[in-house]
Amino acid sequence: MAENPYKDLLKTIQATEKAKTVGEQFVADLNRSIQLGKKEHTPSKSVKPSSLGGCFREQWLILQGVERDVGVLEKAEDITIQQSGNDRHNRLQYACQDAKNYGVDIIWCDPEEEARRAYAQGIKTIIKRRDGNELLCWNEDYESSFKCDGIIIYKGLKYILEIKTEEYGKFNCRVSPEIKHEFQAGMYSLCFGIDRVMFLYEDRNLTFRKGYEVIVTDTYKNAVKERIAHILAYRDKNKIPPKEKTKCTYCKYKQTCKKLGDTFVLSYEELIALPMPVVEEVKQDGK
Ligand code: SF4
């Protein structure tokens with residue numbers, strides 16, 4: 001059955017209608033404005049380090065350039081949490097940049113210079129866009145586009161900085177970086193030729209912070225390379241990866257995923273052994 005693109009909008013209007021006080025109506029209307037103002041974009045057809053530890057099918061859909069779910073309005077609270085996450089990233093990045101002015105041993109490196117250094121070593125990473133502290137990077141070797149939070153030198157050692165904000169309960173229990181975040185660290189390490197990653201986790205509630213140094217070993221880098229090669233093999237052989245239902249919570253491809261139905265796991269070796277799919281030639285008259 002086709003999705004109704006107005007279903008979510010109707011729900012937000014009903015929320016205002018159901019509100020009992022003017023204050024509640026105001027909040028419901030404000031939430032609708034936040035939801036409607038959210039700009040959605042289709043991510044570029046590339047490997048995303050943040051999805052590397054996630055669902056293969058989701059990453060495959062990104063590589064296909066499939067549009068995200070239509071008619072689904074994100075919750076207003078989810079949008080504003082993302083906004084405060086972005087604000088916190090910025091402030092923490094500025095704090096790192098400022099540190100040397102107070103004699104604190106943190107040096108902020110110029111990421112473009114770092115990308116040039118990596119390029120000279122044969123790593124094909126470039127900075128595609130720079131917007132304030134936000135850097136959009138592209139790596140040709142792994143067909144990957146990603147955002148880098150920064151590169152720092154701390155106590156004489158160079159680190160890729162990765163900032164994460166998270167809710168208090170999760171933060172409180174945290175004793176190490178999340179496994180899926182470590183995949184991200186491995187990818188950044190490959191893309192900049194820097195083996196140290198400094199994870200900075202911040203509690204969204206009281207802004208307490210925890211830092212973890214991760215040293216990316218060759219074994220780990222190889223595991224990341226294998227994962228990327230596996231995803232790209234699914235794409236090249238035009239095979240749809242199976243669903244990974246434990247990873248669906250924040251996925252924005254639920255409608256397309258449902259339509260694709262269930263598929264089977266194929267190992268990298270099985271995919272490589274398959275013939276290349278035939279690409280139909282498009283004739284001049286379009287037939
Ligand atoms: S809905 Fe779930 S199984 Fe489907 S692509 Fe998204 S994360 Fe994967």
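1. Start with helix H7. In this predicted model, H7 lies across strands S2, S3 and S4. Its direction runs at about 100° to that of S4.

2. Look next at the sheet those strands form. Its order is S2-S3-S4, the pairing is antiparallel, and the sheet is open. Strand S2 (125–131) and strand S4 (144–148) are the edges. Each has a single partner strand, so one side of each has no neighbour in the sheet. From one strand to the next, the twist averages 25°.

3. Now the pairing in detail. S2 and strand S3 (residues 134–139) run antiparallel and are joined by six bridges. To find one of them, go to Ile126: its bridge partner in S3 is Trp138. Helix H5 (residues 111–120) also lies across S2, S3 and S4. H5 runs at about 170° to S2.

4. There is a second open sheet, with five strands. Trace it in the order S1-S5-S6-S7-S8; its pairing is mixed. Strand S1 (106–108) and strand S8 (209–215) are at the edges, and each pairs on one side only. Neighbouring strands of this sheet are turned by 35° against each other on average, direction ignored.

5. Begin at the S1 edge. Three bridges hold S1 to strand S5 (residues 151–154), and the two run antiparallel. Ile106 has Tyr154 in S5 as its bridge partner. Helix H4 (residues 76–98) packs on the sheet. H4 touches S1, S5, strand S6 (157–166) and strand S7 (196–203). The direction of H4 makes about 150° with that of S6. Helix H7 (residues 179–192) packs on this sheet too, touching S5, S6, S7 and S8. Its direction makes about 145° with that of S6.

6. Where does the pairing run parallel? S6 and S7 run parallel, with seven bridges between them. Here Ile160 stands opposite Val197 in S7.

7. Then comes an antiparallel pair. S7 and S8 share seven bridges in that sense. Leu200 has Gly211 as its bridge partner in S8. The two strands form a hairpin, with five residues between them. In the turn, Thr207 has a positive phi of about 55°.

8. Return to H7, and check its length. How far should its 14 residues span at 1.5 Å a residue? The expected span is 20 Å, and the end C-alpha atoms are 20 Å apart, which agrees. The rise is counted per step between residues, so 14 residues give one step less than their number. Just after H7, Gly193 takes a positive phi of about 65°.

9. Is H7 enclosed or open? Twelve of its 14 residues are buried, so H7 is largely enclosed by the rest of the structure. Buried here means 20 or more other C-beta atoms within 10 Å of the residue's own. The buried residues of H7 include His181, Glu182, Phe183, Tyr188, Leu190 and Phe192. Keep in mind that an α-helix has 3.6 residues a turn, so residues three or four places apart point the same way.

10. Helix H3 (56–64) deserves the same look. H3 is mostly covered, with eight of its nine residues buried. Those are Phe56, Arg57, Glu58, Gln59, Trp60, Leu61, Ile62 and Leu63. Helix H8 (218–236) and H9 are among what covers them. Gly65 follows H3, and its phi is positive, near 75°.

11. Next, the ligand. Which residues surround the ligand? Cys55, Arg57, Glu58, Lys243, Glu244, Lys245, Lys247, Cys248, Cys251, Tyr253, Lys254 and Cys257 do. H3 and helix H9 (254–260) are the elements that give two or more residues to this shell. The shell divides into five nonpolar, no polar and seven charged residues. Arg57 and Glu58 therefore appear twice: in the shell, and among the buried residues of H3.

12. Finally, the whole protein. Its secondary structure comes to ten helices and eight strands. The C-alpha trace spans about 65 × 60 × 40 Å along its principal axes. Of the 287 residues, 24% count as buried. Among contacts with a separation of 6 or more, 66% come from residues 24 or more positions apart.

Definitions and conventions:
Residues numbered from 1 in each chain as written. Predicted model: local features only at pLDDT ≥ 70, side-chain atom pairs only at ≥ 80, totals over all residues. Pairing = 2+ DSSP bridges. Helix = DSSP H or I, 4+ residues; strand = E, 2+ residues; numbered from the N terminus. Axes fitted to C-alpha atoms, helices over the stretch in contact; angles between N-to-C directions. Contact = placed C-beta atoms within 7 Å. Near = placed C-beta within 6 Å. Nonpolar A, V, L, I, M, F, W, Y, C, P; charged D, E, K, R; others polar.
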